[in-house]
Amino acid sequence: MDADSNRAREKGAASRFIEVSRIEAGFFPFAMISPALIMIILVVGFPLLYSLYVSFTPYELLKPNSLNFTAARALRNYQKLLNDEIFWRSLWNTIIFLAVTVNLSYALSMALSQLLARVTLGQSVLRTLLMTPMMFAPILVGMQFRWFFNANVGLVNNVLISLGLIQEQGQIAWLVDVPLGMITIMIASIWMNIPVLTIILLAGTLSLSAETFEAAEVDGASGWQKFRYITFPLLAPFSYIALTIMSLDIARAFDIVRIMTDGGPARRTEMLWTYITRLAIEDTKFGLGSAMSWITVILSVLFTLYFFRQLVRARIVQ
Amino acid sequence: MITRSVGPNRRRNDFLWNAVAWALLLLLALPAFWIILTAFRPNVEINTFPPVWIPRRLTLEAYANMFGLNPEVRQRVAVEAYLRNSLVASGVSTAVAVSLGTLAGYAFARFRFRFHTPLFLGIMLSRAVPGVALSLPLFLLFNRVGLVNNVLGLAFVYVAVNIPFTAWLMDGFFRQIPKELTESAYIDGCGHWSAFWRIELPLSLPGLATAAIFAFLAAWNEYQVVSVLARNNAAKTFPPGLFAFTEQFTVDWRGMAAMSVIMMAPAVIFVILVQRNLVSGLTFGAVKG
């Protein structure tokens with residue numbers, strides 16, 4: 001397909017997308033949206049603005065007088081953070097963590113959805129099994145993986161002993177070891193992400209019609225080629241819906257880290273979210289914690305916005 | 001559906017796909033089974049070495065201890081308080097969030113108006129704000145109005161947190177209702193409100209149930225905000241309650257498993273109920289803009 005016809009198609013689809021025969025109704029839709037909007041402004045919008053103000057002050061909870069704004073010291077919290085080695089480490093850890101978990105969660109879910117689309121025996125039981133991680137609160141996910149990876153009574157070391165791979169309990173200290181601590185957190189997080197991603201990708205795969213593949217089969221395309229050139233591109237809107245939903249909830253990983261390692265050992269698994277808690281709640285430095293919150297909010301919103309834009313684009317091209 | 005090659009190869013492949021899928025999914029579901037099993041095992045079997053894989057005896061001891069039926073156990077967990085707070089915060093916030101989110105979702109699905117896309121995007125992005133970041137200013141502001149350590153204050157927060165996803169799901173469900181129905185309602189003289197209230201809302205009840213369940217679970221499982229806003233058992237819900245387990249010197253793994261099972265119960269019921277609706281609500285936007 002040449003670029004011109006592609007663009008024309010896109011344009012046609014775009015105008016259809018905008019004029020989906022929605023009705024013009026004057027003030028009515030605003031009246032329907034406003035209660036929701038007011039709640040969000042009260043609970044999210046206004047507090048965030050307040051937190052922006054606090055981030056420009058040296059506020060500490062135990063020193064009520066420290067909540068005062070002076071222009072000269074306004075940016076001091078941000079300067080402190082930029083010079084704080086642990087801030088940079090927690091930012092770096094968060095980036096590594098997100099890069100690995102988002103990509104691996106997506107790749108594994110894609111593979112699993114292609115596998116499930118071919119299953120002929122017990123589809124509905126398998127789907128229920130697939131959804132079991134959705135029954136776990138994030139804090140519970142962290143709790144159970146902390147237990148499974150416990151060096152002395154944990155399920156994982158028990159299995160390794162029973163298989164004869166290690167000799168005694170405590171031989172692998174999963175949560176205390178430096179790379180292993182991060183890896184166990186990633187495993188827990190990926191386990192939690194898989195169900196929603198997989199059910200959306202599976203629904204997308206099952207919605208593709210058999211005719212789509214007929215021409216490719218006549219041409220003798222291999223299974224991988226069919227996936228690479230037909231299934232995968234056609235699943236784009238589904239992929240972005242799944243990734244957008246995952247990005248909205250990505251900070252749930254905080255719960256897991258908090259309960260599994262709480263940033264340890266020696267701050268090796270410290271992430272932005274846990275460091276905020278440490279600064280603001282444990283050290284009562286609300287000004288500094290708010291400054292860091294704002295950095296996190298901006299990063300989170302950009303992250304979600306990226307997937308959301310991709311979603312809208314993929315939907316229009318479709 | 002995906003077409004398969006025909007012949008003996010096909011049969012062998014089918015068997016292979018099925019076997020691999022079953023093995024992987026059993027592994028994925030293993031933690032849930034293990035937690036449930038642990039809740040009903042005697043403590044000696046859990047902490048013993050070498051490990052006992054197949055339980056020899058099942059018992060309700062963990063629950064007896066939890067609800068104070070065992071006089072030997074002094075230190076109790078305040079399960080009743082957690083349960084009450086979790087039910088109030090999740091129940092109240094779900095009812096309000098679903099009402100408000102449904103109204104907004106309908107407006108986005110049916111009407112053309114200025115700022116349609118920015119408003120939708122703004123509402124969705126409010127959901128991307130991490131709970132940790134939100135909890136700090138909420139603590140300071142709630143402190144001034146006396147809402148810290150208050151279950152209803154918590155419910156208030158959860159309403160706003162749950163509106164975006166509800167609006168998204170309901171937008172998807174309303175767009176699945178054929179346009180002709182709305183049009184005929186207008187021809188019969190319905191106004192915008194009665195078309196919504198009398199025609200479209202009843203048709204979207206399955207979607208509404210799905211959205212409600214999602215909102216309920218999000219509130220039920222929330223940890224970041226409640227861990228800052230709840231100071232004691234007057235407002236603590238299950239997640240901070242469970243966290244308290246880990247702060248003890250020796251963790252009571254069985255007690256934790258027993259509490260986890262109670263905490264998972266609504267999710268188990270809901271996931272089985274909404275399975276199908278959820279997928280259609282989430283993916284509708286993917287195929288029809």
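User: Which residues of α7(B) meet α10(B)?
Analyst: In this predicted model, B:Y158, B:V161, B:N162, B:F165, B:T166, B:L169, B:M170 and B:F173 are the ones in α7(B). Facing them in α10(B) are B:G207, B:T210, B:A211, B:F214, B:A215, B:A218 and B:A219. Two residues are in contact if their C-beta atoms, placed from the backbone, lie within 7 Å. Helices (H or I, at least four residues) and strands (E, at least two) are DSSP runs, numbered from the N terminus.

User: How many of those are nonpolar, polar or charged?
Analyst: The contact of α7(B) with α10(B) has eleven nonpolar, four polar and no charged residues. Ala, Val, Leu, Ile, Met, Phe, Trp, Tyr, Cys and Pro count as nonpolar, Asp, Glu, Lys and Arg as charged, and the others, Gly among them, as polar.

User: At what angle do the two helices pack?
Analyst: About 155 degrees, for α7 (residues 151–175) and α10 (residues 205–221) of chain B, and their axes are 9 Å apart. That makes α7(B) roughly antiparallel to α10(B). Angles under 35 degrees count as roughly parallel, over 145 as roughly antiparallel, 65 to 115 as roughly perpendicular and the rest as oblique. Axes are lines fitted to C-alpha atoms, for helices over the stretch in contact, and angles run from 0 to 180 degrees between N-to-C directions.

User: Left- or right-handed crossing?
Analyst: α7(B) and α10(B) cross in the right-handed sense. Left-handed applies if the near helix is turned anticlockwise from the far one by less than a right angle, right-handed if clockwise.

User: Now the other chain. How do α8(A) and α11(A) cross?
Analyst: At roughly 160 degrees, with the axes of α8 (residues 178–207) and α11 (residues 236–248) of chain A coming within 9 Å. α8(A) and α11(A) are therefore roughly antiparallel, and their crossing is right-handed.

User: And between chains, what angle do α2(A) and α7(B) make?
Analyst: About 130 degrees, with axes 9 Å apart. That makes α2(A) oblique to α7(B). The crossing of α2(A) and α7(B) is left-handed.

User: Which residues make that contact?
Analyst: From α2(A), A:A36, A:M39, A:I40, A:L42, A:V43 and A:V44; from α7(B), B:F156, B:V157, B:V159, B:A160, B:I163 and B:A167. Twelve of the residues in the contact of α2(A) with α7(B) are nonpolar, with no polar and no charged.

User: How many residues does each chain put into the whole contact?
Analyst: Chain B contributes 83 residues and chain A 93. On the side of chain B, helix α13 (residues 253–287) gives the most, with 16 residues. That side divides into 63 nonpolar, 15 polar and five charged.

User: Which strands pair across the chains?
Analyst: β1 (residues 23–24) of chain A and β1 (residues 111–112) of chain B, in the parallel sense over two bridges. Strands pair if DSSP finds at least two bridges between them. A:E24 stands opposite B:R112.

User: What about confidence in chain A?
Analyst: Its mean pLDDT (the predictor's confidence in each residue, from 0 to 100) is 85, and 92% of the residues of chain A reach 70 or more. Among the elements of chain A, α1 (residues 3–18) has the lowest mean, 42, and α2 (residues 28–55) the highest, 95.

User: What ipTM did the complex get?
Analyst: 0.86, with a pTM of 0.87.

User: Any ground rules?
Analyst: Residues are numbered from 1 along each chain as its sequence is written, and chains are lettered from A and ligands numbered from 1 in the order in which they are written. In this predicted model local features need pLDDT of at least 70, side-chain atom pairs count only at pLDDT 80 or more, and totals for chains, interfaces and linings use all residues.
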